[in-house]
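I opened the notebook to look up how the sheet is put together and where enclosed space is left inside the fold.

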Amino acid sequence: MSPDGEQRPPEPPDNQPEYKVYRSRRGLFSRLKGADLSGLRDRASFPSWRPRKRDDPGLPPPRRGRVNPRRVLKWVGLAALAWILISLVAFGVSAQIQSFKLSGEAGKTLHGNPFLLPSAQTILVLGTDARPPGAGDGNTSEECFEQQSKGEKPHKPCYEGEFRADTLMLVRAGGGTFRKLSIPRDTYAEIPGNAPTKINAAFAYGGAALQIKTIEQFLGIQIDHVAIVDFTGFEDLIDAVGGVKVNVPHKLCADISGGAGGGQGGVTLRLHKGENTLDGEKALAYSRVRHVSECPGKGKSVYSLGGYDDLDRERAQQEVINGIKGRLTDPLRLPYNFLHGPIIGWEAPKAFVSDMGFFTMPQLILSAAIGGSSEAHVLCSSPKEHCGEGPEGSIEAPDSARRAAVHKLIDG
């Protein structure tokens, strides 16, 4: 107490630092509202030892946190990543299942390795003229159709010469390239162990293994991988990506397997000049056209301009392949492909029976995206290649034409 009788706080010791007291500035709206101590009173009146229940009347209502944009973006990103991962796993598993179906003999003739993306390799894409039972092209039995779909050499109850290759296309993919070379099915060639004839007969005599050996001998190259087209899976893949766009230089009309009204499960094509969007069934029919018919209405059609040959057919097949590739790599299709990712991932490998499984098939898709789109190249389609007519209506391709085609495929 001070000498004058007034009580004062004790003086701080000499060795204790002085403390400064600051007055906080009152907020702009602090005068308009009083202090809210109700929350503190509620907590003070609620004993800390008492277990709390969500509906306890003594517990103050829970505070709702504000929506955090960063947290929302985080969960959206994780969900998108999970969706992409599911799509990739579906693709890989489906590709691996398809690889188990390939004939063992065909697999032994290949020279490739699993690392397709860093270095270019050559892939043989095969399609056969056999159709699933009930599809309208002949009376293919289930057993015989299964044999040819796996690339097996025909055995009982099937017989040699029944199913020939309908599509022969070489794809050079990897190392930043993606080029294609189609071989007309009527090209005259030496077939190991058999008399020389049209090159597509090799499949009918010895399955995919003999077809691979024949093309290697014919062109002087090595085949690294093979993909046999599964027509049902091919249609499903095109439908999964929303159809494909093809550019038709002139009106084209054709009736495949008797047409839509023939009662044999056929397809009728009526394509106008320019860009056409085709579903899976019509895209497959377009790639199989051999004979065209006159189109109704005015304007020139392929029929009136001289008809349709195997070279036109090979170009159509390459255009369908480019159409699928375009759908999968088009930036404007990204939202659609993302939403349908697991479906596309599951259906895409089912279009082929191939040795490329879980690890290699995704690299083929990446190679297609990186390599861009090259123009369609068909053996003997250029007058400079000096191809002539061979025995039995076949196409005779001289060595110079073969070397030029291989050089363009391998070296670009």
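I took helices (H or I, at least four residues) and strands (E, at least two) as DSSP runs, numbered from the N terminus. The model is predicted, so I kept local features at pLDDT of at least 70 and side-chain atom pairs at pLDDT 80 or more, while totals for chains, interfaces and linings use all residues. Residues are numbered from 1 along each chain as its sequence is written, and side-chain values use heavy atoms, without hydrogens and water.

Entry on the sheet. I found 5 strands in an open sheet of mixed pairing, ordered β3-β2-β1-β6-β11, where two strands pair if DSSP finds at least two bridges between them. Because β3 (177–182) and β11 (352–354) each have a single partner strand, one side of each is left without a neighbour in the sheet. β6 (residues 225–229) runs antiparallel to β11 over 3 bridges, and A227 has S354 as its bridge partner in β11.

Entry on the cavities. On a 1 Å grid over the protein atoms alone, I counted as a cavity a set of points where a 1.4 Å probe fits but cannot get out, with lining residues having an atom within 4 Å of a point. There are 4 cavities of 30 Å³ or more, and the largest holds about 410 Å³, a volume being the space filled by probe spheres set on points joined across faces, edges and corners. Its lining has 21 residues, with F178, I321, F352, L364 and I365 closest to the centre.

The second largest cavity, of about 160 Å³, takes at least two lining residues each from β1, β2, α6 (231–240), α7 (280–288) and α8.

Definitions and conventions:
1 Å grid on protein atoms, 1.4 Å probe; cavity = no way out; pocket = protein on both sides within 12 Å on 5 of 7 lines; lining within 4 Å.
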